[in-house]
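User: Please take a close look at the charged side-chain pairing at the start of the chain, and then set it in the context of its surroundings. I would like one connected account that also says how far the model can be trusted.

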Amino acid sequence: MRPLLEATATAGAEVTMKGIAPIIATNLLLGPDELAEMLPSGRQTTFMNRLHWAKTFLDRARVINSTRRGHFEITDRGRLLLKASGAPVSMAVLSQFPEYVEWREASKTTGNDKPGATPVEIAQAADSDTPDEKIAAGLAAIEAELRSSLLARFQGASPAFFERTIVQLLQAMGFSNGEHNLALATGKSGDGGIDGIIHQDALGLDAIYVQAKRYATGNGIGRPDIQKFVGSMTGESASKGVFVTTSHFSAEARGYVEKVQQRIVLIDGDKLSNLALRYNIGVRTKAVVELKSLDEDFFADDVMAADVTEVYEA
């Protein structure tokens, strides 16, 4: 992480990974063989993989900042970090910044045998972990970063694009039976709180009304926003609705939804990124790993071997 941060600082302006990678390789005195070393998947070099993860960690700590797509620059915090010490920039060093700690906490997973561990920590699992555990840990770390990136892109999208995305997500989940003519984004300003409509039958007798709000993570959806949506649904004689936001819902908003006659589902930023990842909205498969195990049934018909084993055991 420090070589990446130093090279970005030396550039004095925004940089791209493609442009700065050769400079870092030169500074580290890496030879052709080292630069050509591939990950086990064979789809990316170890050098570029480590650079991209270094950029991710530095960005979450706000010591670098994305200026536009594919471009980034060092921040004042990053310059101060370099001046403070000549030591390596480790994850422990980045833990002094609340944004990095918050990201690590938000990426906590369940279903592992290390309660409270984050994907970042799990990815650094001890050598005593089994290969299967290490594969699961690596996948958890990658997916945590991908969910965070998805949410950031949704927050930065245009209103019309975000509305269309939410309608596409609901279609991918099985609403409208995948028929595009049964789902639409209104795309109108002042739409009265309705951003999209999903018809669940060809005649349009059963419809789901959609509201999509792109809010910053700290700017939550309160009860007034939900009340406006319910009022719009009432005007359309609608009984089903989905309210989606890139932020979160207040306790008052969630409590209000439980009391209204309409059936309304609330999807916050965390759930949105999880659903997008699950239903391949804004993501694509990078690689497929085929994990194999021993087929005991294949050897079950070897009667002779079974008899010999019984003799030796006796």
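Analyst: **A salt bridge and its setting**

In this predicted model, the side chains of Arg2 and Glu6 meet in a salt bridge, with 2.9 Å between N and O; the term stands for a side-chain nitrogen of Lys or Arg within 4 Å of a carboxyl oxygen of Asp or Glu. Arg2 and Glu6 are four residues apart in helix H1, so about one helical turn separates them; helices (H or I, at least four residues) and strands (E, at least two) are DSSP runs, numbered from the N terminus. The two partners are covered to unlike degrees: Arg2 is buried at 12% relative accessible area, while Glu6 is partly exposed at 35%. Here buried means under 20% relative accessible area, exposed over 50%, and partly exposed in between, with a 1.4 Å probe and protein chains only.

Residues are numbered from 1 along each chain as its sequence is written, and side-chain values use heavy atoms, with hydrogens and water left out. Local features need pLDDT of at least 70 and side-chain atom pairs count only at pLDDT 80 or more, whereas totals for chains, interfaces and linings use all residues.

Helix H1 (2–11) also gives two or more residues to a nonpolar core, as the following lines of description show. The largest nonpolar core has 27 residues, and those with the most contacts inside it are Leu4, Leu5, Ile20, Leu58 and Leu94; such a core is a set of buried Ala, Val, Leu, Ile, Met, Phe, Trp, Tyr and Cys residues joined through side-chain atoms within 4.5 Å. Besides H1, the elements that give two or more residues to this core include helix H2 (17–27), helix H4 (46–60), strand E3 (71–74) and helix H5 (76–84). Leu5 touches Leu58, Val63, Ile64, Ile74, Gly78, Leu81 and Leu82, not counting residues up to four places away in sequence, where a contact means heavy atoms within 4.5 Å. In soluble globular proteins, nonpolar side chains tend to be buried together.

Other salt bridges can be set beside the pair in H1, the structure holding seven of them. One joins the side chains of Glu14 and Arg68 at 2.7 Å, N to O, and this pair links distant parts of the chain, with Glu14 in the loop between H1 and strand E1 (15–16) and Arg68 in strand E2, 54 residues apart. Both ends are partly exposed, Glu14 at 30% relative accessibility and Arg68 at 49%. Arg79 forms a salt bridge with Asp76, the closest N and O atoms being 3.1 Å apart; these two residues both lie in helix H5, three residues apart, which is about one turn of the helix. In that pair Arg79 is partly exposed at 38% relative accessible area, while Asp76 is exposed at 60%. Asp59, Arg60 and Glu145 are linked in a network of salt bridges.

Two backbone positions in this part of the chain also deserve attention. Leu29, in the loop between H2 and helix H3 (32–36), has a positive phi of about 60° although it is not a glycine, and Leu29 is exposed at 72% relative accessible area. Arg62, in the loop between H4 and strand E2 (64–68), likewise has a positive phi, near 60°, and is partly exposed at 39%. Most residues other than glycine have a negative phi, and most peptide bonds are trans.

As for confidence, the chain averages a pLDDT of 82, and 79% of the residues score at least 70; pLDDT is the predictor's confidence in each residue, from 0 to 100. The value stays under 50 over residues 110–117, for which the model has eight contacts beyond four places in sequence. Over residues 308–314 the pLDDT is also below 50, and this stretch has zero contacts beyond near neighbours in sequence. Where pLDDT is low, the predicted coordinates should not be read in detail.
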